[in-house]
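Could you walk me through this model in my viewer, one selection at a time? I would like to know what to pick next and what I should find there.

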Amino acid sequence: MNKKRIISLIVCLGLFSALVPESRAAVTVNMAVDESQITRTIERELYGINCEWDSGMDYNFLTMEDGELKTSPTFTEAWQDTFVFGRMAGGSSQKFFWKEAIGPLADRDNQMIWHTNDKVYLGIIEWLNAVYSVTPDAKITYVVNFDTDTIENLADVVEFLVGDGTVNYNGGENWAEVRKSLGIENPVDIFTWELGNELDWTLAWDVDDYVAYCKQVIPIIKSIDPDGKIACNVDTAAHANGDGWEEWHRKVLRELGDEIDYLTFHYYYPANYVARADVPLDRVEQDILDITGSDRIKIYMSEHAPAPNVHEYNKESAYDYCLPHTIWGATAHAEFFLRAFLRPSLVASNCHSVDSSTWTIAYRDEDGIHRLSAVGETIKTFVNYGVGDVLQSDLDTFNRGENANIAGGVIRDADGNVNILFTNRYDTDPVTVNFTFDDGTYRLKKVRKIHGDVRSADNWYREGAQWEYDNPDRVYTTEEELEGESAFTSYTFDPLSIYALQLEKISDEPSGQTAGTAQDYIGIGADMPNAYVNGNTVSVAAEYEGAGAVLDNDNMLISSQMLQKLFGAVLSWDEAGTVCTVALHGRTLAFDLANGTVTENGSPADIAAGKRIGETVYFPLRAIAEGLGYNVAWDARGFAILGSSGIGAASTDIADAIYSSLAGGA
């Protein structure tokens, strides 16, 4: 990532911080799982990690013992087989000369990278050794230096990485034999050759130059690695979600569509608005179809992460800089992955980055031991529980393109386990999810949880006068195995947490809807003195300032007081006092009382309008209730019964009890 060029972007993205309101009520939603329907398959490459070349000693990977460079053993221990897909690299890849960073350290020339003129201690061989020390069969993306290296050196690096030594493709030095002599015996498993990095940021490149150079480079790569995959860049201005940036990748598709396998671009999303990334993803996805006529070319997000609020560290306001590796940043990463579950075109990604301060996946603690940040623990969770077939699931309030405070998905792994991945991004509210399964009954056998008490909770550590960072609000990761054969039907997820629940089938009988008890329902009656809330009688006069529900042309409307107190909505008005915006657990509904219209997230919504009656504003109960995952049943006596979609209709006895409660007086 070209970090200087994104400063203004980060400032703009910070403006989205008000889009996700804090919740004011406990949340209950439903998730229905159809195990017979597979929507996509996820490979390990969705959970990759970005790295950067650097001049000078790289302590993120290495240790120096008796003058010899070695992979730090604590680096290997920290990752525990979850560094499964690595990319080298971001902006440094366009300044890095690989031939000057192999062989004996004494023989290496200095290179100017990130404003430091020194030897590159972590060259290709050292980096591969470090990655392989964690995951011997890891895949690699190599980013080709388009900006400062030569085509001849490009041909040689392809031979260096994937040759077996039996053929000297380019004459002169047999670079595959050089690699083998340096300790990497087998050819490197290259996921893709990525052609350049963010070249649109530089004045030296436009899309015509880029396409012309790709046309020279691709045949060279293919002559040595005929089965190699090729990735071409999307304009980095996709960050802005504006117009014009599409022309870069559209020209690439028109002129190189038959020769490439991936379009790759970078997105640093607002942590409060991860769904914003759906905008450019939708555009790229559609352009691939429109221009090439198929979906063969896939999307590869080779850099992604939440954007920090500021680009310079200030220990007095550390959170603004450290946000990406706090629990708030980690839950945003988890949401990004879960949104990828909904998008089969997105097949791979690299989180930025191993250790770039504001973006940190691993770090050294005060004892010099490698640890994973909350983001690293998130990646580990998804590598271990998020690889396999994605099962069809419907989670209330979580949809492609719509912002939400919760996200979830379901994976069947290679061992047949059904794994539920979930993140609760509410600051203080737990979320209870009622689950139904079409093809079986399951027991809960393992739970992995990453949690922080406040958004700024963080495990990152830095020493010295510049940093002095050791946050007392920590992120905690736990994992436990459970015994017992109880049927799994619901789970409560703590706020600011990421979960993996591993389920084991115990019966082929589906876990359908249960009958429900009186405590499972809400009853609301038009002009009745009470409301019925999960087994309790609540006075409308005392709890909702006398304003409950009314019938209006066969629509039941509830007051703003009931909307806020019962369902936890947050209301705001325009200056004229005619448009009321309702923020409700990830939904944003704008009721224009003057025109009788409603919009949701800016688009027209086909639901009943709001209405002012006297000094009270009323809103449609059905739209509110169904949007929160309730079934709504009507009773001829003039009241509504709300029950979660995981339970059946209320029995006659329960309906009678609710009516008695509603009509029983204040």
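Start by selecting residues 91-271 in this predicted model. The C-alpha atoms at the two ends of this span are 23 Å apart, and the span is 33% helix and 17% strand. In an unreviewed UniProt entry, residues 91-271 carry the annotation "domain: Alpha-L-arabinofuranosidase 1 catalytic".

**Stop one: α4 and α6**

Now pick out helix α4 (residues 151-162) together with helix α6 (residues 207-224). Their axes come within 10 Å and cross at roughly 30°, which makes α4 roughly parallel to α6. The crossing of α4 past α6 is right-handed.

Turn on side chains to see who meets whom. From α4, the contact takes in Ile151, Leu154, Ala155, Val158, Glu159 and Val162; from α6, it takes in Tyr213, Gln216, Val217, Ile220, Ile221 and Ile224. Sorted by class, the α4 contact with α6 has 10 nonpolar residues, one polar and one charged.

**Stop two: α6 and α7**

Keep α6 on screen and add helix α7 (residues 246-256). These two helices pack at an angle of about 35°, and their axes are 10 Å apart. Here too the crossing is described as right-handed, with α6 passing α7.

On the α6 side, select Val207, Asp208, Tyr210, Val211, Cys214, Lys215 and Ile218. They meet Trp248, Lys251, Val252, Glu255 and Leu256 in α7. What is the make-up of the contact of α6 with α7 by class? There are eight nonpolar and four charged residues, with no polar ones.

**Stop three: the nine-stranded sheet**

Next, bring up the strands and look for an open sheet of nine. Read across, the order is β25-β22-β27-β20-β19-β18-β1-β21-β26, and the pairing is mixed. Which strands stand at the edges? They are β25 (475-481) and β26 (490-493); each has a single partner strand, so one side of each is left without a neighbour in the sheet. On average, neighbouring strands of this sheet are turned by 25° against each other, direction ignored.

Zoom in on strand β22 (residues 441-452) and strand β27 (residues 497-507), which run antiparallel and are joined by 10 bridges. For one pair to label, try Lys446, whose bridge partner in β27 is Gln502.

Then add helix α10 (residues 327-341), which packs on the sheet. Among the strands α10 touches are β1 (27-42), β18 (388-395), β19 (406-412) and β20 (418-424), and the direction of α10 makes about 55° with that of β19. Helix α11 (residues 374-385) is worth showing as well: α11 lies across β19, β20, β22, β25 and β27, and runs at about 165° to β22.

**Stop four: residues 546-636**

For the last stop, select residues 546-636, listed by UniProt (unreviewed entry) as "domain: Copper amine oxidase-like N-terminal". The end C-alpha atoms of this span lie 23 Å apart, and the span is 16% helix and 49% strand.

Now show strands β33 to β37. They form an open sheet of five in the order β33-β34-β35-β36-β37, with antiparallel pairing. At the edges stand β33 (570-573) and β37 (603-604), each with a single partner strand, so one side of each lacks a neighbour in the sheet.

Finish at β33 and strand β34 (residues 579-584), which pair in the antiparallel sense over four bridges. Label Trp573 and you will find it opposite Cys580 in β34.

Note on methods:
Residues are numbered from 1 along each chain as its sequence is written. This is a predicted model: local features need pLDDT of at least 70, side-chain atom pairs count only at pLDDT 80 or more; totals for chains, interfaces and linings use all residues. Side-chain values use heavy atoms; hydrogens and water are left out. UniProt positions are given in the numbering used here, feature names are shortened, and annotations may be inferred rather than shown by experiment. Axes are lines fitted to C-alpha atoms, for helices over the stretch in contact, and angles run from 0 to 180 degrees between N-to-C directions. Angles under 35 degrees count as roughly parallel, over 145 as roughly antiparallel, 65 to 115 as roughly perpendicular and the rest as oblique. A crossing is left-handed if the near helix is turned anticlockwise from the far one by less than a right angle, and right-handed if clockwise. Contact means heavy atoms within 4.5 Å. Ala, Val, Leu, Ile, Met, Phe, Trp, Tyr, Cys and Pro count as nonpolar, Asp, Glu, Lys and Arg as charged, and the others, Gly among them, as polar. Two strands pair if DSSP finds at least two bridges between them.
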